[in-house]
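This report is meant for a reader who is meeting the structure for the first time. It takes up the empty spaces, the sheet and the helices in turn.

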Amino acid sequence: MEALHIEGRIDSPQITADGSKGYFEIRGKSLPEDAIEFYRPLERYIVEYIKAPQPLTKIDLRLEYLNSSSSKKLLDLISHIEKIAKEGFQIELNWYHRDEDQDMIDEGVEFAHMTSLKVNFIAEQ
């Protein structure tokens, strides 16, 4: 499966998806004008990926900020990954945050409550 890479912009995150390695990363600020349209290529990629996933899927969320429509879309994307977790595939879901960024920690906690996957919180400097 060929990798997907979307460059980050001032209002949208950088996305890296490499199905051959089972690795996904979303990095930066996520406040695109149309979150559904922005995340559509990643959603298509994930839908294909879960047809033949790797034994371990690693997802790194390194978000500085996200708006409510991005948060909802991320949960939609994660719901696809939850399907393969139920089939016994291993999922590592990491929520990176700056140590002092209580807003993003709170966002991650809320996110964790809305998914059946275990979310690892990782503080960065």
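In this predicted model, the lining of the largest pocket is made up, by class, of three nonpolar, two polar and six charged residues. Among the residues that line this pocket are Arg27, Arg62, Glu64, Arg98, Asp101 and Glu124, together with Tyr96, His97 and Gln125. Strands β4 (56–66) and β5 (90–98) each contribute at least two residues to the lining of the largest pocket.

What classes of residue line the largest cavity? The lining of that cavity has ten nonpolar residues, with no polar and no charged ones, and these residues are Phe24, Ile26, Leu42, Ile46, Ile59, Leu61, Leu74, Leu77, Ile78 and Ile81. At least two lining residues come from each of β3 (23–30), α1, β4 and α2, and the largest share, four residues, is supplied by α2. A search of the whole structure finds one cavity of 30 Å³ or more.

| Space | Approximate volume | Lining by class |
|---|---|---|
| Largest pocket | about 160 Å³ | three nonpolar, two polar, six charged residues |
| Largest cavity | about 90 Å³ | ten nonpolar, no polar, no charged residues |

The strands named above belong to an open sheet of six strands, arranged in the order β1-β2-β3-β4-β5-β6 with mixed pairing. Because β1 (4–6) and β6 (119–124) stand at the edges and each has a single partner strand, one side of each is left without a neighbour in the sheet. On average, and with direction ignored, neighbouring strands of this sheet are turned by 15° against each other. Within the sheet, β4 and β5 pair in the parallel sense over six bridges, and isoleucine 59 has leucine 93 in β5 as its bridge partner.

Two helices accompany the sheet. Helix α1 packs on the sheet and touches β1, β2 (14–18), β3 and β4, its direction making about 165° with that of β3, while α2 lies across β3, β4 and β5 and runs at about 170° to β4.

The helices also meet one another: α1 (residues 35–49) and α2 (residues 68–86) pack at an angle of about 5°, with their axes 10 Å apart. With angles under 35 degrees counting as roughly parallel, α1 and α2 are therefore roughly parallel to each other. Their contact involves, among others, Tyr39, Leu42, Glu43 and Ile46 of α1 and Lys73, Leu74, Leu77 and Ile81 of α2, and the residues of this contact divide into eleven nonpolar, three polar and two charged. Leu42, Ile46, Leu74, Leu77 and Ile81 are also among the residues that line the largest cavity.

Note on methods:
Residues are numbered from 1 along each chain as its sequence is written. This is a predicted model: local features need pLDDT of at least 70, side-chain atom pairs count only at pLDDT 80 or more; totals for chains, interfaces and linings use all residues. Side-chain values use heavy atoms; hydrogens and water are left out. Axes are lines fitted to C-alpha atoms, for helices over the stretch in contact, and angles run from 0 to 180 degrees between N-to-C directions. Angles under 35 degrees count as roughly parallel, over 145 as roughly antiparallel, 65 to 115 as roughly perpendicular and the rest as oblique. Contact means heavy atoms within 4.5 Å. Ala, Val, Leu, Ile, Met, Phe, Trp, Tyr, Cys and Pro count as nonpolar, Asp, Glu, Lys and Arg as charged, and the others, Gly among them, as polar. On a 1 Å grid over the protein atoms alone, a cavity is a set of points where a 1.4 Å probe fits but cannot get out, and a pocket is an open set with protein on both sides within 12 Å along at least five of seven lines; lining residues have an atom within 4 Å of a point. Grid points are joined across faces, edges and corners, and a volume is the space filled by probe spheres set on the points. Two strands pair if DSSP finds at least two bridges between them.
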